[in-house]
Amino acid sequence: MLKAKLADPYHWLITKHVTSRMDVFTAHLCGDRKALAVFSFEEEAQMFLDLRLAASNDGWGVRQTSVGELVSVLYGP
């Protein structure tokens, strides 16, 4: 079971649906740099979201994503 879980090709993002597009949660770093919050397990992403109550009340939710979709998010507009 654990071996199958480690081989899982999916990751988890925190997203929000905005008019005709999906917004992906990013953390602000020093200066004007940002980092995409990517989680290995759904429970990790949900715990992170629960600890950020303002974000969870603003329509943010946990979403499963594949590696290919993750690449699209990174290179998208």
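Visitor: Which residues does A37 touch, if I leave out those up to four places away in sequence?

Guide: A contact here is a pair of heavy atoms within 4.5 Å. In this predicted model, A37 touches W12, L13, I14 and F25 once residues up to four places away are set aside.

Visitor: Which residues make up the largest nonpolar core?

Guide: The idea is to look for buried nonpolar residues joined through side-chain atoms within 4.5 Å. Here the largest such core has eight residues, and A37 is one of them. W12, I14 and F25, which A37 touches, also belong to that core. The remaining members are F39, A45, L49 and W60.

Visitor: Which elements give two or more residues to this core?

Guide: Those are β1 and α2, the latter covering 42–51.

Visitor: A45 caught my eye. Is A45 buried or exposed?

Guide: Buried means under 20% relative accessible area. A45 has a relative accessible area of 0%, so this residue counts as buried. A45 is found in helix α2 and touches W12, I14, F39 and V62, again without residues up to four places away in sequence. For a view along the chain, take A45 and H11: these residues are 34 apart in sequence, and their C-alpha atoms are separated by 9.5 Å.

Visitor: How much of the contact map comes from residues 24 or more positions apart?

Guide: Among contacts in the protein chain with a separation of 6 or more, residues 24 or more positions apart account for 63%.

Visitor: Let us turn to the strands. What is the order of elements from the N terminus on?

Guide: The protein chain has four helices and six strands, and the order is α-β-β-β-β-β-α-α-β-α.

Visitor: Which strands pair with β1?

Guide: Two strands count as paired if there are at least two bridges between them. Strand β1 (residues 10–18) is joined to β6 (residues 61–66) by six bridges, and the two run antiparallel. An example of a partner in β6 is T65, which bridges to H11. Strand β1 also pairs with β5 (residues 38–39) in the antiparallel sense, over two bridges; there the partner of W12 is F39, and both residues are members of the core we just visited. Finally, four bridges join β1 to β2 (residues 21–24), again antiparallel, with V24 as the partner of T15.

Visitor: Where is S20, and what is its phi?

Guide: S20 sits in the loop between β1 and β2. The hairpin of these strands has two residues between them, and S20 has a positive phi of about 60 degrees although it is not a glycine. S20 has a relative accessible area of 79%, so this residue is exposed.

Visitor: K16 is in β1 too. Is K16 buried or exposed?

Guide: K16 is found in strand β1 and is buried, because its relative accessible area is 17%, and buried means under 20%. Beyond four places in sequence, K16 touches R21, M22, D23, D58, G59 and W60.

Visitor: How many salt bridges are there?

Guide: Side chains of opposite charge can pair when their charged atoms come close. The rule asks for a side-chain nitrogen of Lys or Arg within 4 Å of a carboxyl oxygen of Asp or Glu, and by this rule the count comes to two. R21 pairs with D23, with the closest N and O atoms 3.9 Å apart. R63 pairs with E69, where the closest N and O atoms are 2.9 Å apart.

Visitor: How accessible are R21, D23, R63 and E69?

Guide: R21 is partly exposed at 49% relative accessible area, and D23 is partly exposed at 26%. R63 counts as partly exposed at 27%, and E69 is partly exposed at 27%.

Visitor: Which residues form a nonpolar patch on the surface?

Guide: V67, V71, L74 and Y75 do, with about 450 Å² of accessible area together. Y75 is found in helix α4 (residues 67–75) and is exposed, with a relative accessible area of 72%.

Visitor: And what are the totals for the protein chain?

Guide: Buried residues make up 19% of the 77 residues. The accessible surface comes to about 5,800 Å², of which 58% belongs to carbon and sulfur atoms.

Conventions:
Residues numbered from 1 in each chain as written. Predicted model: local features only at pLDDT ≥ 70, side-chain atom pairs only at ≥ 80, totals over all residues. Heavy atoms only, no water. Patch = residues over 30% accessible without salt bridge, like charges linked within 9 Å, V, L, I, M, F, W, Y side chains within 5 Å. Areas by Shrake-Rupley, 256 points an atom, 1.4 Å probe, with all protein chains shown as cover. Buried < 20%, exposed > 50% of the residue type's maximum accessible area, 1.4 Å probe, protein only.
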